[in-house]
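Thanks for coming, everyone. I'd like to walk you through a structure today, so let me put it up on the screen.

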Amino acid sequence: MTRRLSVLAPLIGIVASLAVCALLIKSIGASPLDAYLRLFQGAFGSWGAIQTTLIKTSPLLLAALGIALPYQAGAFNIGAEGQLQMGAIFAFVGGFIFPDLPGPLHMALALVFGLVGGAIWGFIPGYLKARHGLSEIIVTIMMNYIGIYSVAYFVYGPLRDPVNPYPQTFEIAPTAELPRMGPSLSLHAGILVGLICVVALSWFLWRTVGGFKLRVTGLNPTAALFSGYPVRSQVTWAMAIGGGLAGLGGAIEILGVYHRVVDGFSPGYGYLAIAVALLGQGKPSGVLWSSLFFGSLIAGSGVMQRVAGVPVSLVYIVQSLALLFMVASVAVFTIRARSRRPKKGAADVDP
Amino acid sequence: MSTLSQFLNVDLLAAGVRMATPLTFAALGEVYAERSGVLNIGLEGAMLVGAFAGFWGAHLTGSAWLGALLAMAVGAVMGLILGVFAITLRANQIVVGVALNIFALGVTSFLRTVVFGLNTDPVQVTGFQPVNLGFLSKLPFAGPAFFQHVPLVYVAILLIPISNFILFRTSWGVVIRATGDNPRATDTLGLSVPEVRYISLLVCGALAGLGGAFLSLGQLNLFVENMTSGRGYIALAAVIFGKWNPTGVLLASLLFGFADALQFRIQGLGLPIPFHIPLMLPYILTLVALGGFVGRSRSPLALGRPYQREAR
């Protein structure tokens, strides 16, 4: 795919989706312009709104990066939700034990715990794909639910705070909490973690030999194999690190927002992240923008519902249609490009 | 002892059969899709729109059967959309499936709010009524367990031998299976790969929609947001655990349905047993089956790959 198309296609997707949803809004008797203005206002209209947008963006960004990295290596990680939840419970454990550690060290340790938790959940499907040829798509779907229910088991069972009627764990130590970005701000440092990962991943993929080999493996595994690249271990580790990134997404939710694992804390960030990663063309920079787009939709949807009278569920329609229209435009461009290519003779014509 | 009889009794078995029915419909549909070479991750979404369409249809017409018919039609449309993207445009099937699942969640929640209001009490409709199968329904134990269900339960079970016949005893079945294993063979015979896959996807969507309608019309007679809550993914697991065979899929669905009934029962009685274990069971068993520990289950060879005529 050309570079221009990889920027153009997501934009076409978003514009077409907003246009179709405008008709939908009109059909229920509301004003599309008003609804979109309220959506924008709810996402960027005030400092508080911008903070909410960034808070919602952070886990989506990290989970989507966790999909983008294996995507570059040719593996499709559908398991970000399970990895994110495992990361959350691991980060909680890291933040709950060792209460005597000094602040920054404890926080870093809890983040590493989250990374490891997600990485374990990504490593297993990666290993099963590389060594036993099992479809990572199917395995990650299964691992999602095993992970989600395992976390729920601990939240309902051994780690549950018995004082609270709602199923949730004990609170982490204050030393493990992510710092806020300013004295009067609710925004936590999770967005910084995400931005650092964007830069690190971009650098790795396009500025190092390892990243080059990984991308060759994704684009043409046969060529990678003949070049002597370690295809199997690359896929395994891309899945493991991808899982770790998604795990970080869960960790920052716990260390930055909830300070404990609450039952149902993730509104499906890991599933939405699949759409985020794809709309961002599987590239870290693209994922940054598309996660901001998704995050702002989630953050602004409340105001849109209250003031403009359009149900919050509209944003799911906007997100999914953006993805579908993007896929369609890429397909149409590709097919047109192929048909425009001059025929080289009888060899290209079907018998 | 009294606790045990309260726990393991005929109601639990009946509930297991009930819970297995939507899984059977959806998983059976997925067998057609996957046997023809299309991995339909959008199964969850097709079930969800089916659940809402069935509910809405029954609300508008007062007939559960018409609701179920609408659910099948809307589910088939979901299959058609996947087909346009995955077959005609040759887009990645997983990408489109993921998008359709999010779309289904959005569109059903949106319509529910628009049609039935934001904070109203859940509207109930007239759903399916249990059928009376004469002396069978009066049998001790077996009667309440197997013969006092709503009609869709028996439709699901009847579809199993029918599907076995279609897939393994008719030329159409051969074509579907050939297309999933070796689409070029179908093409060489002068048959259209896209046509076979489109038809399989329409069947898949319609059956998934019917499975969804069972959720909203066969049990509680209401619709709640995201009511399928992952059953489409359990159905995907049932296809693998059932080794892509209708009979296997039925047995897998019964097992998974029973596990679902078990966890509801544990929660309902407030027993000090972790109810998340039966919830995890389908996925663990499927992973074990995939790993080949209990007889390898093999997927259709061309599963998930778009067919390109000009590619060699």
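Let me start with a question: which residue caps the N-terminal end of α4(B)? Keep in mind while you look that this is a predicted model. The residue is Ser63(B), with a side-chain oxygen 3.2 Å from the backbone nitrogen of Trp65(B). The helix behind that cap covers residues 64-88 of chain B. With 25 residues at 1.5 Å each, α4(B) should span 36 Å, and its end C-alpha atoms are 35 Å apart, so the two numbers agree. After α4(B) comes Arg90(B), and its phi is positive, near 55 degrees.

While we're on helices in chain B, have a look at α13(B). Its 24 residues should span 34 Å at 1.5 Å a residue, and the end C-alpha atoms are indeed 34 Å apart. Just past α13(B) sits Gly270(B), which has a positive phi of about 65 degrees.

That helix also takes part in a salt bridge. Asp260(B) and Arg231(B) pair up through their side chains, 3.3 Å from N to O. Asp260(B) is in α13, residues 246-269, while Arg231(B) is in α12, residues 231-241, so the pair ties together parts of chain B that are 29 residues apart in sequence. Are these two buried or exposed? Asp260(B) has 11% relative accessibility, so Asp260(B) counts as buried, because the cut-off is under 20%. Arg231(B) is buried too, again at 11%.

Over to the salt bridges of chain A. How many salt bridges are there over all chains? The count is five. One of them joins Lys129(A) to Glu136(A), with the closest N and O atoms 3.0 Å apart. The two ends sit in different settings by the numbers: Lys129(A) is partly exposed at 25% relative accessible area, whereas Glu136(A) is buried at 6%.

Then there's Asp161(A) with Arg260(A), where the closest N and O atoms are 3.3 Å apart. This one links distant parts of the chain, 99 residues apart. Asp161(A) comes from the loop between α6 and α7, and Arg260(A) from the loop between α10 and α11. Both Asp161(A) and Arg260(A) are buried. There's a third partner as well: Glu171(A) joins Asp161(A) and Arg260(A) in a network of salt bridges.

Now, two buried polar side chains in chain A. Take Asn144(A), in helix α6. With a relative accessibility of 1%, Asn144(A) counts as buried. What does Asn144(A) touch, leaving aside its neighbours within four places in sequence? The contacts are Ile78(A), Gly79(A), Ala80(A), Glu81(A), Gly82(A) and Tyr271(A).

The other is Gln72(A), in helix α3, which covers residues 47-72. Gln72(A) is buried as well, at 14% relative accessibility. Its side chain reaches the backbone oxygen of Gly282(A) at 2.7 Å. Beyond its neighbours within four places in sequence, Gln72(A) has contacts that include Leu205(A), Trp206(A), Leu214(A), Gln281(A) and Lys283(A).

Last stop, the interface between the two chains. Here 44 residues of chain A are in contact with 45 residues of chain B. The size of an interface is often given as the accessible area lost when the parts come together. For chain A and chain B that comes to about 3,800 Å², with 84% of it on carbon and sulfur atoms. Which three residues supply more than any other three of the area that chain A buries against chain B? They're Met142(A), Tyr149(A) and Leu324(A), with 17% of that area.

And the polar side of things? Between chain A and chain B the salt bridge count is zero, and the interface has one residue pair in polar contact, with both residues at pLDDT 80 or more. On the side of chain A that touches chain B, α6, α11 and α13 each supply at least two residues. The most come from α13(A), which gives 14 residues. By class, that side of chain A has 36 nonpolar, six polar and two charged residues.

That's my tour, and I'm happy to go back to any part of it.

Methods. Residues numbered from 1 in each chain as written. Chains lettered and ligands numbered in written order. Predicted model: local features only at pLDDT ≥ 70, side-chain atom pairs only at ≥ 80, totals over all residues. Heavy atoms only, no water. Salt bridge = Lys/Arg side-chain N within 4 Å of Asp/Glu carboxyl O. Buried < 20%, exposed > 50% of the residue type's maximum accessible area, 1.4 Å probe, protein only. Helix = DSSP H or I, 4+ residues; strand = E, 2+ residues; numbered from the N terminus. Contact = heavy atoms within 4.5 Å. Buried area = accessible area lost by both parts, 1.4 Å probe. Polar contact = N/O pair within 3.5 Å; in protein donor to acceptor, adjacent residues only side chain to side chain. Nonpolar A, V, L, I, M, F, W, Y, C, P; charged D, E, K, R; others polar. Expected span 1.5 Å × (residues − 1).
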